[in-house]
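I opened a notebook for this structure and wrote down what I looked up, entry by entry. The sequence and the structure come before the entries.

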Amino acid sequence: GGGEEVGVDPYAWAVPMTMERGSMASLDSTLRKAPPGSWRQPELPEVIAMLSYRLDPVKTNAAAFLQHLTFKNDKVKSEVRRLKGIPALVSLLDHPSKDVHHSACGALKNISYGRDHDNKIAIKNCDGVPGLVRLLRKTHDQDLTDTITGTLWNLSSHDSVKMEIVDHAMHALADEVVVPHSGWERGSNGAGEESCKPRHLEWETALTNTAGCLRNVSSERSEARRKLRECTGLVDSLMYIVQSQINRKDVDNKLVENCVCLLRNLSYHVHREVPGCERYVEALPLNQGPVPANKGGCFGSRKGKGKKDGDDGSGDQVDIPKRTTPAKGYELLFQPEVVRVYTSLLRESKNPSVLEAAAGAIQNLCAGRWTYGRYIRATLLAHVNDRVVRAMSGALRNLAIDNRNCELLGLHAVPHLVANLPGGQSQSGRALSEETVVSVLSTLAEVLGNSLEAAKTLRASQGIERLVLINKDGYRSEREVRGAGQVLQLVWAHKELRRPLEKDGWKKTDFMVTLNHNTAATTNGPNTRVNGTYEDSTTPLLDRGRFAEKKAYSTLDQRERRHTLDETTDTLPVL
C-alpha cells in the first residue's frame, strides 16, 4: 500500500546541508556524470538500485540516505517497500563491511518503526529476523547492537512477527545482550547482598530495547512464555537488573518498566505452565507455622536499613521451608522473596506502568491453588503501603475463591485487612486512597463470604467500628460506603452474632447501607476512575457483582496489543 500517493518527482524536497560535506561523493559520481557542485537529490528508485552497486561506499551511502529519507516519513517507507528496497537492505546485513551493514541496519530500524504493519511483515518475509540475529552474534559494537535491538523491538509489536522472534532471536538476545550486560554473571560470583550492588548499566539502550522486544513477544501465547522462562540466564538477568536498579533508586526508567512488564507476563499462569507444576498443586490449606526470614542473594534486605516491625515481608501464617539449593532460572519468578522486589517497586516507583506491572505480577503469583502461591500470599500480608495494600488485597481475593481457604483467611487475613481500613491508630499519617479502601472492602467481602468464624474475627479485631465509621462518614465516596455496607450486611446475616453485636451496643440500622446526599461524589478525584491505573489488573469493583466470577485473576500486560511499543528513536545518519 501507499504507492498511489506518489506524484511526478515526489523526492525532490530539500536535503539538510550536511549532505554537501563530501560524504555523498561516491554516490554523486554514479549519477549520470553530474559536474561537481551541481549535486541533485537522487530519486528513490536510483537510491535502491545503488544498494546493489559494486562499490561498498556507494552501498553505504545509499543505505544511509534511505535511513535519512524514511525518518518519520511513512509514505517513503511504503514506497521503499513497493520498490523492493527491503530485501536489498536485509541482504546487506550479511555484508562484511561494518559501514555497509551498519547503514543497512539503520535504514531497517526506521522502516520497521511505526504503525504500518506491512513494513514489519515485509522484513519478516525476507528473513530479516535471522539476518539481524546473525549480525547481532557477530558484532561487539555497542551502537550497532543498539540499532539491531531497536529494530527487533519495532518488529516485535506485530503479532505475526512475535513467534519468529521467539524462535530465531530469543537465545541470541539473551546470550549477546541481556546476560553479558546485566551484570548478573559477575555479580552472582559474590555472596549474598554484595551480588546486587548498584551499578550504572553501560549498555542500557540495548538492554531497554531487548527487554521491550521480549515484553512484546511474551504477550503472544503460552508457548512463547514457556520458551522465554526456560531460556538460560534470561530470568536471572532480568531479576538482577531490576534489583540493581532498585538499589540505585532508579525505578522509573524504561528499562525497569520493560523488565517488570516482561516478568509480570512470565508470571502469568506460572502455576500451570512451568515444568513439573503438578508437584505444587494443592487442594487444602496445609499446617500453619512461622515464616523464616528468607534472606540472601538478590532478594536480600538492603544494608544499613533497620527493618521496621511488620515491614520485612514475612507474616506468621505459613511455614516456608528453607531451600537447600539457590533458586535459579524460572524458579526465581515464584520464590517468596520476589515479593520484596515487587513491593519495593510499589513503594518507590512513580511510573504507572511499573506500578501496574508489579501489582499484576504479585496478583499472578497469588492466583491458583499451589504451594508457592500460598507462600507468597503469606509473605504479602504484613506490608503496609497504599499501593502494596491494594496489590495484596487483589492477591488475597484470589485465595478466597476457594471456600476451603476462607477459614484460614478469616483467621489470618481479616485482622490485616481491618488494620488497613480508615479509622484506627495504625492510620496515623497514612491515608489510603479511595481505590485502595474499595479494594480492601471488596476483599473483606470475598473473604467473609458466609463464614461465621471470619465474621467473629472481624468483630474481635474492631472491624465493625471501622466499617460503621465509613458507612456514617459524610466524606466517604459512594463506592466506599457501598463496600462497607456490603461487609456489614454479611456480618448481620449471621443470626447467632446479632445478640453479641447488640450487647456491644450496635443496632440493626448500623448494618444497613446509608447512601445519602452527603456521601462524597464518586468523581472527587483521580482515583475514582472506574478504569484507573490499577482497576483492570487488581480491583474487580463491588459494583460489578461481588461473586460474579469465582475465578482466580491472572493478568497479562496486554498494552502492546493496543499501542505499539516502537519507542526507539529514529536517528538521522551521519552523511
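**Entry 1: R229**

Leaving aside its neighbours within four places in sequence, which residues is R229 in contact with? I looked them up in the model, which is a predicted one. The list reads V235, N265, L266, Y268, H269, V270, E273, V274, Y330 and L333, with neighbours within four places left out. I found R229 itself in helix α14.

I then asked whether R229 is buried or exposed. R229 has a relative accessible area of 3%, and buried means under 20%, so R229 is buried.

One name on the contact list, E273, came up again when I turned to charges. E273 and R229 form a salt bridge, and their closest N and O atoms are 2.9 Å apart. I noted that this pair links distant parts of the chain, since E273 sits in helix α17 (residues 270–273) and R229 in helix α14 (residues 222–229), 44 residues apart. E273 is buried, and R229 is buried as well.

**Entry 2: other salt bridges**

I wrote one general remark first: side chains of opposite charge can pair when their charged atoms come close.

How many salt bridges does the count come to? I recorded 27 salt bridges.

I picked out R137 and D175, whose side chains meet in a salt bridge at 3.5 Å, N to O. This pair also links distant parts of the chain: R137 belongs to helix α8 (residues 128–138) and D175 to helix α11 (residues 170–182), with their positions 38 residues apart. For accessibility, I noted that R137 has 39% and counts as partly exposed. D175, with a relative accessible area of 41%, is partly exposed too.

My next pair was R221 and E223, where the salt bridge spans 4.0 Å from N to O. R221 is at 39% relative accessibility, so I entered R221 as partly exposed. I entered E223 as partly exposed also, with a relative accessible area of 32%. R221 and E223 are not on their own, because a network of salt bridges links D167, R221, E223 and K227.

**Entry 3: helix α8**

R137 had brought me to helix α8, and I stayed there. Which residues of α8 are buried? I listed G128, V129, P130, G131, L132, V133, L135 and L136. That makes eight of the 11 residues of α8, which means that α8 is largely enclosed by the rest of the structure.

I also looked up what covers the buried residues of α8. The cover includes α5 (85–92), α6, α7 (117–125), α9 (142–156), α10 (159–168) and α11.

**Entry 4: C105**

From that cover I chose α6. C105 has its place in helix α6, residues 98–112. The relative accessible area of C105 is 0%, and therefore C105 is buried.

What is C105 in contact with, leaving aside its neighbours within four places in sequence? I wrote down L93, L132, L144, T147, I148 and T151. L132 is also one of the buried residues of α8. I noted a distance as well: the C-alpha atoms of C105 and T145 are separated by 9.9 Å, and these two residues are 40 residues apart along the chain.

**Entry 5: helices α24 and α27**

Next I compared two helix axes. The axis of helix α24 (residues 452–460) and the axis of helix α27 (residues 495–503) come within 11 Å and cross at roughly 15°. Why do α24 and α27 count as roughly parallel to each other? Angles under 35 degrees count as roughly parallel, and therefore α24 and α27 do. I marked their crossing as right-handed.

On the α24 side I found L452, A455, K456 and R459, which meet E496, L497, P500 and L501 of α27. By class, this contact has five nonpolar, no polar and three charged residues.

**Entry 6: helix α25**

Helix α25 covers residues 463–472, and I noted it as mostly covered, with seven of its 10 residues buried. The buried ones are G463, I464, R466, L467, V468, I470 and N471.

**Entry 7: the whole chain**

I ended with the totals. The chain has 29 helices and zero strands. Of its 575 residues, 59% count as buried. Among contacts with a separation of 6 or more, 79% are between residues 24 or more positions apart.

Notes: Residues numbered from 1 in each chain as written. Predicted model: local features only at pLDDT ≥ 70, side-chain atom pairs only at ≥ 80, totals over all residues. Heavy atoms only, no water. Axes fitted to C-alpha atoms, helices over the stretch in contact; angles between N-to-C directions. Helix = DSSP H or I, 4+ residues; strand = E, 2+ residues; numbered from the N terminus. Parallel < 35°, antiparallel > 145°, perpendicular 65-115°, else oblique. Left-handed = near helix turned anticlockwise from the far one by under 90°. Contact = heavy atoms within 4.5 Å. Nonpolar A, V, L, I, M, F, W, Y, C, P; charged D, E, K, R; others polar. Buried < 20%, exposed > 50% of the residue type's maximum accessible area, 1.4 Å probe, protein only.
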